[in-house]
Amino acid sequence: MKINVEGYNLFGHLDGSVTAPPKFAILDEEGVTSEVTAAYKDWLRTDKALLSLLIVSLSDEALEYVIGSRIAHEAWLNLTDRYASVSRARINHLKTEMQTAQKGGDSIERFLLRLKHIRDQLHSAGVKISDDDFVIAALNGLPPEYDIIKTVLIARDTSLSLKDFRAQLLVAEQTAEARVVTHSAMFTSQSVPRSASYGPSSGQGLLPTPVQGPVG
């Protein structure tokens with residue numbers, strides 16, 4: 001909508017920079033007359049057309065905020081006031097979501113993509129998230145098995161590119177997964193009971209020795 005009206009040099013009607021010219025003609029002899037000026041008629045015609053275009057482009061929900069507006073600028077102000085508050089609430093929600101995001105059961109790859117999606121939404125809303133802030137948010141969301149890599153990366157004196165950061169987290173993920181497999185194998189081997197030995201060293205054969213009767 002904004003791009004379209006700017007293309008026709010009409011956005012001034014919306015932002016208020018193009019105001020209405022005098023409505024009535026002023027003659028030196030008669031003063032203000034009841035004759036409407038041609039300039040005002042042209043301005044009003046354009047403004048009403050723009051207001052109509054704005055109304056038909058709105059959703060039913062947004063339409064209620066411009067009902068009763070007399071000029072395009074009034075309707076535009078009502079809309080910007082309404083959606084500015086919505087945008088602020090959305091931005092605050094996204095910031096909170098990024099600061100509290102947890103890896104949980106996701107892979108490192110999926111977790112980083114989830115954070116990137118939040119960052120992209122904030123960027124679209126005009127909020128810039130630096131690479132350093134992105135790294136801190138990701139580290140804060142990692143579980144305890146990543147404590148070593150968290151300590152190492154936080155203690156760095158220089159910034160880390162997101163590409164290198166991702167690579168290091170993937171290595172840490174492989175290490176954590178290998179540790180889990182090793183612990184699981186050790187637990188399994190310790191839990192399986194050993195089979196009883198019935199070899200000669202036990203002092204007992206596989207079959208009981210038959211009892212011999214008296215020799216006749």
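What span should the 17 residues of helix 6 have at 1.5 Å a residue, and how far apart are its end C-alpha atoms? I worked this out before anything else. The expected span is 24 Å and the end C-alpha atoms lie 24 Å apart, which agrees.

**Entry: confidence**
A reminder to myself that this is a predicted model. I looked up the pLDDT and found a chain average of 81, with 76% of the residues scoring at least 70. Helix 7 has the highest confidence in the chain, at a mean of 96, while helix 1 (residues 2-7) has the lowest, at 50. Where pLDDT is low, the predicted coordinates should not be read in detail.

**Entry: helix 6**
Back to helix 6, this time for burial. I find I108, F111, L112, L115, I118, R119 and L122 buried. Down the helix axis these buried residues fall within an arc of 120°, so they line one face of helix 6. On the face turned away from that buried side I noted the exposed residues R110, L113 and S124. Just past the helix comes G126, and its phi is positive, near 90°.

**Entry: helix 8**
Which residues of helix 8 (residues 147-154) are buried? I get I149, K150 and L153. They cover an arc of only 105° around the axis, which puts them on the same side of helix 8. I148 and T151 are exposed, on the face turned away from the buried side.

**Entry: largest pocket**
I put the volume of the largest pocket at about 190 Å³. Helix 6 (108-124) and helix 9 (162-191) each supply at least two residues of its lining, and helix 6 gives the most, with six. Among the lining residues are L112 and R119, both of which I had listed as buried in helix 6. L113 also lines this pocket, although I had it down as exposed. By type, the lining has five nonpolar residues, no polar ones and six charged.

**Entry: second largest pocket**
The second largest pocket holds about 160 Å³ of space. Helix 7 (131-140) and helix 8 are the elements that give two or more residues to its lining. Helix 7 gives the most, with four residues. L153 is one of the lining residues, and I had met it already as a buried residue of helix 8. The lining also includes D132, V135, I136 and L139, as well as D157, T158 and S159. I count its types as six nonpolar, two polar and three charged.

Notes. Residues are numbered from 1 along each chain as its sequence is written. This is a predicted model: local features need pLDDT of at least 70, side-chain atom pairs count only at pLDDT 80 or more; totals for chains, interfaces and linings use all residues. Side-chain values use heavy atoms; hydrogens and water are left out. Buried means under 20% relative accessible area, exposed over 50%, partly exposed in between (1.4 Å probe, protein chains only). The arc is that of the directions from the helix axis to the C-beta atoms. On a 1 Å grid over the protein atoms alone, a cavity is a set of points where a 1.4 Å probe fits but cannot get out, and a pocket is an open set with protein on both sides within 12 Å along at least five of seven lines; lining residues have an atom within 4 Å of a point. Grid points are joined across faces, edges and corners, and a volume is the space filled by probe spheres set on the points. Ala, Val, Leu, Ile, Met, Phe, Trp, Tyr, Cys and Pro count as nonpolar, Asp, Glu, Lys and Arg as charged, and the others, Gly among them, as polar. pLDDT is the predictor's confidence in each residue, from 0 to 100. The expected span of a helix is 1.5 Å times one less than its number of residues.
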